[in-house]
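Reader: I am new to this structure and should be grateful for a close look at one part of it. Please take that part as a starting point and then proceed to its surroundings.

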Amino acid sequence: MTFQEIKEKEETYLMHTYGRFPIALDRGQGATLFDTEGKQYIDLTSGIGVNSLGHNNETLVSALTEQAGRLMHACNLYYTEPMVRVAEKLVKATGMGKVFFANSGAEANEGMIKLARKYSFDHYGEGRNKIITLKQSFHGRTVTTLKATGQEKFHQYFFPFTEGFDYAAANDIEDMKKKVDDSVCAVMIELIQGEGGVLPLDKDFVAETAELCRGKDILLLVDEVQTGIGRTGSLFCYEQYRIQPDIVSIAKGLGGGVPIGAVLASEKCADVLGAGTHGTTFGGNPLCCAAADAVLSTVCQPEFLESVCRKGEYLKKGILSIGSGKIREVRGMGLMLGIVVDPDERAGFVSALMEKGVLVLTAGTDAIRLLPPLVISQEEMDKALAVMKEVF
Ligand SMILES: *Cc1c(COP(=O)(O)O)cnc(C)c1O
């Protein structure tokens, strides 16, 4: 189909929940994408942090192809090998206790919230169930994770929302202390607020929050859906904050393109969700786990993680050295970067970049967000930087 045909069918047959850019993507190779008209783009989006190994990655495609021909799905009433391989890799790489597999970030967060509330119920009984999240956070689109999201604009239309959430100001430990009362069972944070604007939390605030939680047996939940799986230059972002969370949620980059999420629980919380308390049909299916296994085999290697740090630094330096007065700041870690610009000019920059062959995302009110595939090449980075120089 041509772009026009695809666009017309989309308008007729799909619910209009997204504002789409006027191109239809057709295929990709590495960090390069091609649209249906044959135009080429450097991909600085990874489909919002998903295609961690880029497009048409040989290791990933062969793992998926092999598994698709063997067994794509089996229900969770039976054992399958790929899920245990991935779980073992995640546990051994993190020192966490056990894993539950879900299918998306929001679902992983739902699992994390359920786990935290049951932990508290088991130890302290009813009434201690509130979860403190941060203002400007984003945790998903289900009725519960919308309420967990600390932005008013997400608390519309779908009433009644799940009760038991309150919001502390990011990087304000006094506000956090005020909010953490006897009704609180957990604090849930993103270490770099992704959708909120690529806003890294202060290290001191995170350390003090972790300390505060530990003292009251309040669980520290870290949403690494966007920051996890090598994105920031370490397998998990929490490693760079030198904290040990009680529960971690992941998704996006884990499957390299197929939908998979997971909840990682520390030893203390590993056995809270027993038989019959939680489940999902697709969770941990062999196809998605074969993909996650291939992604982790690559991303867990120290040289790979070092390359992410190096590329992140290179891009950040390259962007700053453009020396354009239009660029106010570059925020972020590893290959999760936000170029801060005038909010009124942002949409124009994004269009101009696309026009000249570079795809980017936005976040918050003022950031152009970059989440390139972790395998982006030197040549692809240089091409993108040359276009940015022109545009800014
Ligand atoms: C994307 C995202 C989610 C939601 O993930 P879905 O797979 O879209 O449900 C949750 N938390 C964070 C931090 C995210 O970036």
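In which helix is the place of V143?

Author: The model discussed here is a predicted one. Within it, V143 belongs to helix α6, which covers residues 143-148. The relative accessible area of V143 is 40%. Buried residues have under 20% and exposed ones over 50%, so V143 is classed as partly exposed. Together with Y157 and F158, V143 makes a nonpolar surface patch of about 370 Å².

From this patch one may turn to the ligand. The residues around the ligand include F138, H139 and G140. Also among them are S104, G105, A106 and N109, and the list is completed by E190, D223, V225, Q226 and K252. Sorted by class, this shell has six polar, three nonpolar and three charged residues. Helix α5, formed by residues 105-124, gives the most to the shell, with three residues.

Several polar contacts can be described atom by atom. A nitrogen atom of the ligand lies 3.4 Å from a backbone N or O atom of F138. In the case of D223, an N or O atom of the side chain is 2.7 Å from a nitrogen atom of the ligand. For K252, an N or O atom of the side chain is found 2.6 Å from an oxygen atom of the ligand. The ligand taken alone exposes 380 Å², and the protein buries 81% of that area.

The next topic is the pairing of charged side chains. Side chains of opposite charge can pair when their charged atoms come close. In the whole structure, a search finds 21 salt bridges. One of them joins the side chains of D293 and R85, with an N to O distance of 2.8 Å. This pair links distant parts of the chain, since D293 is in helix α9 (residues 286-299) and R85 in helix α4 (residues 81-94), 208 residues apart. D293 has a relative accessible area of 9% and is therefore buried, whereas R85, at 29%, counts as partly exposed. D293 and R85 also belong to a network of salt bridges that includes E81 and K89.

A second salt bridge is formed by D181 and K130, whose closest N and O atoms are 4.0 Å apart. D181 lies in the loop between α7 (173-179) and β7 (184-189), while K130 is in strand β5 (residues 130-134), so this bridge ties together parts that are 51 residues apart in sequence. D181 is partly exposed at a relative accessible area of 34%, and K130 counts as partly exposed at 21%.

A third salt bridge brings together the side chains of E345 and K326, at 2.9 Å from N to O. Here E345 is in helix α11 (residues 343-355), and K326 is in the loop between α10 (302-320) and β13 (329-333), so the parts tied together are 19 residues apart in sequence. E345 counts as partly exposed, with 29% relative accessibility, and K326 is partly exposed as well, with a relative accessible area of 35%.

A final point concerns F34, a residue of strand β2 (residues 32-35). F34 has a relative accessibility of 15% and so counts as buried. Between F34 and A24 there are 8.7 Å in space, C-alpha to C-alpha, and the two are 10 residues apart in sequence.

Key. Residues numbered from 1 in each chain as written. Predicted model: local features only at pLDDT ≥ 70, side-chain atom pairs only at ≥ 80, totals over all residues. Heavy atoms only, no water. Patch = residues over 30% accessible without salt bridge, like charges linked within 9 Å, V, L, I, M, F, W, Y side chains within 5 Å. Areas by Shrake-Rupley, 256 points an atom, 1.4 Å probe, with all protein chains shown as cover. Helix = DSSP H or I, 4+ residues; strand = E, 2+ residues; numbered from the N terminus. Buried < 20%, exposed > 50% of the residue type's maximum accessible area, 1.4 Å probe, protein only. Near = heavy atom within 4 Å. Polar contact = N/O pair within 3.5 Å; in protein donor to acceptor, adjacent residues only side chain to side chain. Nonpolar A, V, L, I, M, F, W, Y, C, P; charged D, E, K, R; others polar.
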